[in-house]
Amino acid sequence: MFDGIRKRIVCMWFPRLASDRVLRARPVDGPFVLTLRESNTDRLYCLNAAAERLDLARGMSLADARAFCPDLLSQPARPDLDAQFLTALRRWALRYCPWVGHEGVDGLALDVTGATHLWGGEEEMLADMQARATRAGLTLRLGIADNRGAAWAFAHFGTGQDRLEDLPVAALRLDDKTVTGLQRLGLRRIGDLTTAARAPLARRFGPALMERLDQATGLLPEPVTPEKEPPHYAVRMSLPEPIGLAEDVMGVCARLLAPLCDKLMTQETGARQLCLTLRRVDQGSQQVELHLAAPMRDPNRILPLFRRGVDAVDAGFGIDQIRLEATQVEPLAVQQIGSAQAAPDQLNDLITRIGTRIGLENVQRYLPADSHIPERAFSIAPAAFSAPQNGWSAPRPRPLRHFPPEAIAATGPRPPARFRWRRMTLTTGRAIGPERIAPEWWMSDEAWRSGLRDYWKIDTREGRRLWLFYTPQNPGWFVQGEFA
């Protein structure tokens, strides 16, 4: 049933999105291009207006472009940053209507049905879009029609007074091969396609051609799907009266943590970094950052961890607003609460408390490594960013303490009966070995350039249990570890 409101779609096309993004931050005079490396060749990816006036084109090699224009300025393209910039523009376009979606990598589609009267009409709304984009330093082309395909065609190929039938077939969002094939048949305009027989065209070019034609003419609907907004993990509270006591701040923080953790649970995520912003009445602000050793969403565990930072805050004449934000989150599936989970949680809380004093990266743990070389049989990683691992196994006992090899005075392949180490004279009581270990030839290690090592476990009469090795290829004795 027709409700009296005609569907209207606006297409925003930013033909120089990438170059405009760069030039907004650092303007330049003269021709400027962004390049993208393809098949070991730097090719033009996006050009500013000055470069286009010199007959440079996208896809041209940078070397050929410099031959035409020696003063050409270039910079590597960043498609990832361009995508982020387009996402920011999509949020800006929400001022015109709530239904805004991406249209390729350089455009937006807006369903402005029933919203144009808020701007005084379609022409006034399009003029406002164009004026705001120009003030922002962006090149914008606009098209409006009853469907998405026609709006795209007017934005890319229209001049303002064209009819859809008069636009070239390339305005149907077809690939270059199909456009070339249609032009060879004499079908150069969309009007030529509408009057041609559909069956032969569908057999020759496939169903995509007819689908694009029906979308442009409105026979096949093509809705605008708005992008889903990412969850925002932040809450704040404005206070009627300023506060200054640490207990009061912790009380407000507790009230803010409850809804924030509920939202984290709904999204099945946990906070790894939290930022507590305290705004004072003099408009100054202080921040308390909390880096967690593991993803958390339990307010009872997180709240005590803020105590140290809150105690160091200078409240000045009082704090009138507090904002809490989870600046970094990680997936955290729903877990069954039980006694088995208590021990890891307590360890993570301990790591967090120590990490707030010395830094999380300085709280480290040992992890097993696949190597028969003693000093390479383990690795050291920050405990907050690694998980404990099993697999600690050795064919023979290894000393509790490892240290760089320390030379001792001894000769012969058998362990010395008496030797001096660290200003101590020691007597060998029992010697177990040898255990020959060969160097890893595929690894470059200066410490193993002496070749093979024969390791011995030495129990001295003085009570020290040492790990010695002998290098037969370059005779010498060394102490490398001590057993418990």
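**Burial, helix packing and sheets**

User: At its relative accessibility, does glycine 359 count as buried or exposed?
Analyst: This is a predicted model, in which local features need pLDDT of at least 70, side-chain atom pairs count only at pLDDT 80 or more, and totals for chains, interfaces and linings use all residues. Residues are numbered from 1 along each chain as its sequence is written, and side-chain values use heavy atoms, with hydrogens and water left out. The classes of relative accessible area are buried (under 20%), exposed (over 50%) and partly exposed (in between), with a 1.4 Å probe and protein chains only. Glycine 359 has 15% relative accessibility and therefore counts as buried.

User: How far apart in space are glycine 359 and valine 33, C-alpha to C-alpha?
Analyst: Glycine 359 is found in the loop between helix H14 (342-358) and strand E12 (364-368); helices (H or I, at least four residues) and strands (E, at least two) are DSSP runs, numbered from the N terminus. Valine 33 stands opposite serine 74 in E4. The two residues, glycine 359 and valine 33, are 326 residues apart in sequence, and their C-alpha separation in space is 43 Å.

User: Which class does threonine 87 fall in by its relative accessibility?
Analyst: Threonine 87 is found in helix H4 (residues 79-93). Threonine 87 and threonine 194 are 107 residues apart in sequence and 36 Å apart in space, C-alpha to C-alpha. With 29% relative accessibility, threonine 87 counts as partly exposed.

User: What span should helix H11 have at 1.5 Å a residue?
Analyst: H11 covers residues 246-266 and has 21 residues. The expected span of a helix is 1.5 Å times one less than its number of residues. The end C-alpha atoms of H11 are 30 Å apart, which agrees with the expected span of 30 Å.

User: Which helices are included in what covers the buried residues of H11?
Analyst: The buried residues of H11 are Val249, Met250, Val252, Cys253, Leu256, Leu257, Leu260, Cys261 and Leu264. Their cover, by contact (heavy atoms within 4.5 Å), includes strands E8 (234-243), E9 (269-280), E10 (285-296) and E11 (319-331). Just after H11, glutamate 268 takes a positive phi of about 55 degrees. The helices included in the cover are H12 (299-302) and H13 (307-311).

User: How is H1 placed relative to H4, given their packing angle?
Analyst: H1 and H4 pack with their axes 10 Å apart, at an angle of about 85 degrees; axes are lines fitted to C-alpha atoms, for helices over the stretch in contact, and angles run from 0 to 180 degrees between N-to-C directions. Leu17, Ala18, Arg21 and Arg24 in H1 meet Leu81, Asp82, Phe85, Leu86 and Leu89 in H4. Angles under 35 degrees count as roughly parallel, over 145 as roughly antiparallel, 65 to 115 as roughly perpendicular and the rest as oblique. The packing angle makes H1, relative to H4, roughly perpendicular.

User: How is H9 placed relative to H10, given the angle at which they cross?
Analyst: The axes of H9 (residues 198-205) and H10 (residues 207-217) come within 6 Å and cross at roughly 125 degrees. Arg198, Leu201, Ala202 and Phe205 in H9 meet Pro207, Leu209, Met210, Leu213 and Asp214 in H10. The crossing angle makes H9, relative to H10, oblique.

User: Which strands stand at the edges of the sheet of 3 strands?
Analyst: This sheet is open, with mixed pairing and the order E3-E2-E4; two strands pair if DSSP finds at least two bridges between them. E2 (residues 32-38) and E4 pair in the parallel sense over 4 bridges, whereas E2 and E3 pair in the antiparallel sense over 6 bridges. E2 and E3 form a hairpin with 2 residues between them, and serine 39 in the turn has a positive phi of about 55 degrees. The strands with a single partner, so that one side of each is left without a neighbour in the sheet, are E3 (41-47) and E4 (73-76).

User: At what angle to E2 does helix H1 run?
Analyst: Neighbouring strands of the sheet E3-E2-E4 are turned by 40 degrees against each other on average, direction ignored. H1 (residues 17-25) lies across E2, E3 and E4, and its angle to E2 is about 125 degrees.

User: Which residue in E7 stands opposite tryptophan 13?
Analyst: An open sheet of 4 strands has antiparallel pairing and the order E5-E6-E1-E7. Its edge strands, E5 (100-102) and E7 (141-145), each pair on one side only. E1 (residues 9-13) and E7 run antiparallel, joined by 5 bridges. Opposite tryptophan 13 stands arginine 141.
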